Structures are given as structure tokens and as C-alpha cells.
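User: Hi! Could you walk me through this protein, one short question at a time?

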Amino acid sequence: MIKWRLVSIKASELLMGIAFRFARRFLLDKMMNFGASTARFADYFKGFENVEAIKEIFGEKTGEILRHLTVKFTWVRSYMWVNPKDGHLTVSTYYLNNGDRLDIYLDVIHELTHVKQFMDGKELFDMHYDYVDRPTEVEAYRHVVKEARRLGLSDERICEHLKTEWLSDNDLKRLARTLNVKCEEQAHALQRQV
Ligand SMILES: [Zn+2]
């Protein structure tokens, strides 16, 4: 009897744990999308169908894909990301209103690469890799760097774009090395500030 009770307690604890984890993920998703407005990408991001870098991502179907792409605008104070469940792009209105135009433009190229990867059935957040080594991220950053070079941006400015809160100095150096961008001075500057 006791044995069975223990088993059932353990089983119910396990179930509660699963339910809690599910609820947490569900709630987080709900919260991130709470109050978000949904629109068509092409209605707000005009002219992107003519950008060479984006045509390189989607090929001849660029216009059609961008016309059908769903974009959500969220109050969450972040940048932008692609939902790995539905492939929709979510953009922070705070970032759109306050971010640097060039960074926003390069981020759009980065995220549209993820949209294409989602369409191709790739796993966007493969946790077997560190962020800076993940093939989906490296591919997205390669598109960004190529466009940045086409625009004539310096290594310093590209490096500034690559610097985000979630990258350590070492991660930044590794990513920059992979992308052939010189970030040594910036990383050094970061270290000096610390
Ligand atoms: Zn990414």
C-alpha cells in the first residue's frame, strides 16, 4: 500500500511538474503576444521585395512571400524574432520607434533568413549548438554582413551591430572570426569598461 502511495505521489508530482512547465511556456507565449497586433509584413515594410540581399534569401518568390508573411507588433521591449512554431515575425514597437534605422534594417535581413529557414523545415533554435555556432544563426549573420559590406559599413560599425546583450566578449570574438569581421578592438574596449 505504502509503496503504491509513494508511486502515485511521485506520478502526480511528475504530472504537476509537466503541467507547470507547460503552463509556464504557454503563459510566456501568451504574455509575449498579449496586445500584439497582427499585420502583413509588406504593408509596413515597404520596398523590401526589391532589396538584393532579400531576393538572395527567397529567390523569385520574394514578393509573394513578403506579401503573405505575418508580422506581429508587440509592446515587449526587445528587438525582433521569428516564432519557431508558426514562422511569424514579431517586432517590438519600442525597437521600431527608438532603434537605429540601420540596425533595424540589418535585423530584418537576419530575421527574414530565419523565416526562410522555417519554410525549409529547419530547426531554428537547435540547442545542440551554442548561439554563435548554430548554423541557422551563422547563415543569418552571413546575409547581414554581406549586406553591411555592400552598404560600405566599416568593420567597427558591423561589430557594433553584432554586439548584443546576450553575447559575451568571447562569443562576440568567435562570431566575428566566423564572419571575417574585425572585432578585436571593440572587444578590448568592452573589456576595458569592465
Ligand atoms: Zn537569429
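**A buried isoleucine and a covered strand**

Analyst: Happy to! I109 has a relative accessible area of 0%, so this residue is buried. Keep in mind that the model is predicted.

User: Which helix does I109 lie in?

Analyst: Look along residues 101-119, which form one helix. I109 lies within that stretch, in helix 6.

User: Which residues does I109 touch, leaving out those up to four places away in sequence?

Analyst: Contact here means heavy atoms within 4.5 Å. With residues up to four places away in sequence set aside, the list for I109 is A53, I54, I57, H143, V144 and E147.

User: What separates the C-alpha atoms of I109 and A140?

Analyst: Along the chain, I109 and A140 are 31 residues apart. In space, their C-alpha atoms are separated by 7.5 Å.

User: Now to strand 2. Which of its residues point the other way from T70, K72 and T74?

Analyst: In a regular strand the side chains alternate between the two faces of the sheet. In strand 2, T70, K72 and T74 point one way, and all residues on both sides are buried. Pointing the other way are V71 and F73.

User: Does strand 1 pair with strand 2 in the parallel or the antiparallel sense?

Analyst: Strand 1 covers residues 37-40, and four bridges link it with strand 2. One bridge joins R40 to T70. The sense of the pairing is antiparallel.

User: Which residue in strand 4 is the bridge partner of V71?

Analyst: Strand 2 and strand 4 (residues 89-92) run parallel, joined by four bridges. In strand 4, the partner of V71 is L89.

Key:
Residues numbered from 1 in each chain as written. Predicted model: local features only at pLDDT ≥ 70, side-chain atom pairs only at ≥ 80, totals over all residues. Heavy atoms only, no water. Helix = DSSP H or I, 4+ residues; strand = E, 2+ residues; numbered from the N terminus. Buried < 20%, exposed > 50% of the residue type's maximum accessible area, 1.4 Å probe, protein only. Pairing = 2+ DSSP bridges.
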